[in-house]
Amino acid sequence: MSHAVPSYLHPDHLGPWGVYLQQVDRVIPYLGHLARWAETLKRPKRALIVDVPIQMDNGTVAHFEGYRVQHNTSRGPGKGGVRFHQDVTLSEVMALSAWMSIKNAAVNVPYGGAKGGIRVDPKTLSLGELERMTRRYTSEIGIIIGPTKDIPAPDVNTNEQTMAWMMDTYSMNEGATATGVVTGKPIDLGGSLGRREATGRGVYTVGVEAAKHIGLDISSAKIAVQGFGNVGGIAAKLFAQAGATIVAVQDHGGTIAMASGLDVNALLLHVANTGSVAGFALADVLPDAEFWSVACDILIPAALEQQITETNAHRIQARMVIEGANGPTTPQADDILQDRGILVVPDVIANAGGVTVSYFEWVQDFSSFFWSEDEINSRLVRIMQDAFAVVWQVGLDHQVSLRTATFIVGCKRILHARELRGLYP
Ligand code: NAD
């Protein structure tokens, strides 16, 4: 009975997968008899690395490295986004796939966890190159994805157009239109109303619930947001609509601030036109490192992993951190924030709104019957509020952080399914 852990799965393996393993270790004492199955959580079920060769516009051939990892499928098909970024690694995709397993179980949608990515800076590609790369990648991972196997969705630097190309490529290879193979599609191709805003709406919804527990009035709250894309931009807009003041925003282009409040709609337009918050006229420019010490009540990291670390966690002024991004806080920083009495609403519940409406999209595609936006938003809000209430109670019962509480809920559901299904053969 060997439990020898392959080197790339070892906790000392630096990077996001190592962070995930530490998070799992913190939960094992709370799993009761299900701890017997915990090793399942520490190994991805399946990891595929693919070569993605494409012809560039100048006639040369370029090769990109792509990944699709299915962490767990005990509760249903794999589900999780596809990221195009120059820093994508296998460790990162493995961690992101595992966080999807926990998240999907925490909000109780019938999915396992998966994630994909290509190690590329998509900003350096023409539209034609981007399409050829997306299509070749889809074809390469086509052997493991499908509407009942594993359903990709957008993530960093991928969007509705990416999903349309993926859906078309998979459908061409299958010889049948398979809208349910991806979610986050354009509305005219079987996409769902409300999907584009869903993750930001979920961040907002759990933020409002958490604020009630710590006596924070959203309508007078000051908020700093890192990442102003799909998640950060929409969350900022919804908080601003509720009366909150967005005092600072950071993205890959720089950091801007305005103590009296940024005009979020004007900033969204500026980003849509220029690609970054940099150069926005109605704001002061801050050095990037100063973003973390901005005076605010709520901090929303909504960009990439490992942004809140031992080096900046001491400087955070907020009363609450809501993790729009996946994995933005290291375990060491988590402890510092907890010691300082700063509430962290973790990614695995805070950004689950996207996958929840992806689930609605998948259900609508299967039934070819589409719901109204009001119906989608009200179901989303109910699922997020109910899931948050369960997590909050588990946190109180065990006197643990909300991250550990969400992991307890998610891991128990996954391992209970594991136990019911049993081992094959
Ligand atoms: P996006 O591509 O729309 O936006 C990413 C944002 O991060 C951009 O504003 C970009 O400028 C910023 N950014 C990139 N590098 C940065 C850096 N070094 N410093 C500061 N800012 C930087 O991506 P998104 O879909 O909004 O995803 C953001 C995060 O939310 C990711 O962690 C993603 O996994 C997570 N997430 C997304 C969804 C979804 O539905 N899109 C769902 C759940 C979680």
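These legends accompany several close-up views of a predicted model, starting with the ligand and moving on to individual residues of the chain.

**View 1. The residues that surround the ligand in the predicted model.** The shell around the ligand is made of 21 residues, and of these D155, T199, F228, H252 and N326 come nearest. Sorted by character, the shell residues divide into 7 nonpolar, 10 polar and 4 charged. Two helices, α5 (195–213) and α6 (230–241), each supply at least two residues of this shell. Both domain 1 (43–179) and domain 2 (196–345) take part in the surroundings of the ligand, each giving at least three residues to the shell.

**View 2. Polar atoms close to oxygen atoms of the ligand.** In the side chain of D155, an N or O atom is 2.6 Å from an oxygen atom of the ligand, and the side chain of H252 likewise has an N or O atom 2.6 Å from a ligand oxygen. At N230 it is a polar backbone atom that is placed 2.9 Å from an oxygen atom of the ligand. The ligand taken alone exposes 830 Å², of which the protein buries 84%.

**View 3. Residue Q241 in helix α6.** Q241 is found in helix α6, a helix that also supplies at least two residues of the shell around the ligand. With a relative accessible area of 58%, Q241 counts as exposed, because this value is over 50%. The C-alpha atom of Q241 is separated by 9.3 Å from that of V264, a residue 23 positions apart from Q241 along the chain.

**View 4. Residue T183 and its side-chain contact with K79.** T183 has its place in the loop between α4 (160–174) and α5. Its relative accessibility is 0%, so T183 counts as buried, the limit being under 20%. The side chains of T183 and K79 are joined by a polar contact of 2.8 Å.

**View 5. Two residues with positive phi, N108 and S368.** N108 is found in the loop between α2 (90–106) and β4 (113–119), and its phi is near 65°, a positive value in a residue other than glycine. S368, in the loop between α10 (353–367) and α11, also has a positive phi, of about 50°, although S368 is not a glycine. The accessibility of each residue can be read alongside its backbone angle: N108 is partly exposed, with a relative accessible area of 46%, while S368 counts as exposed at 59% relative accessibility.

**View 6. Residue R379 in helix α11.** Helix α11 comprises residues 373–398, and R379 lies within this helix. R379 has 33% relative accessibility and therefore counts as partly exposed, since the value falls between the 20% limit for buried and the 50% limit for exposed residues. R379 and V357 are 22 residues apart in sequence, and their C-alpha atoms are 8.9 Å apart in space.

**View 7. The segment after helix α12.** Both G422 and P425 lie in the segment that follows α12 (402–421). The peptide bond leading from Y424 to P425 is cis, with omega near 0°. G422 counts as partly exposed at 24% relative accessibility. Although G422 and S74 are 348 residues apart in sequence, their C-alpha atoms are 9.8 Å apart in space.

**View 8. Buried residues C296, C411 and L125.** The structure holds 0 disulfides. C296 is buried, with a relative accessible area of 10%, and C411 is buried as well, with a relative accessible area of 0%. L125 lies in the loop between β4 and α3 (127–141), where its relative accessible area of 12% is under 20%, so that L125 too is classed as buried. The C-alpha atoms of L125 and C411 are separated by 40 Å, and the two residues are 286 residues apart along the chain.

Key: Residues numbered from 1 in each chain as written. Predicted model: local features only at pLDDT ≥ 70, side-chain atom pairs only at ≥ 80, totals over all residues. Heavy atoms only, no water. Near = heavy atom within 4 Å. Polar contact = N/O pair within 3.5 Å; in protein donor to acceptor, adjacent residues only side chain to side chain. Areas by Shrake-Rupley, 256 points an atom, 1.4 Å probe, with all protein chains shown as cover. Helix = DSSP H or I, 4+ residues; strand = E, 2+ residues; numbered from the N terminus. Nonpolar A, V, L, I, M, F, W, Y, C, P; charged D, E, K, R; others polar. Domains from an automatic or database assignment. Disulfide = S-S within 2.5 Å. Buried < 20%, exposed > 50% of the residue type's maximum accessible area, 1.4 Å probe, protein only.
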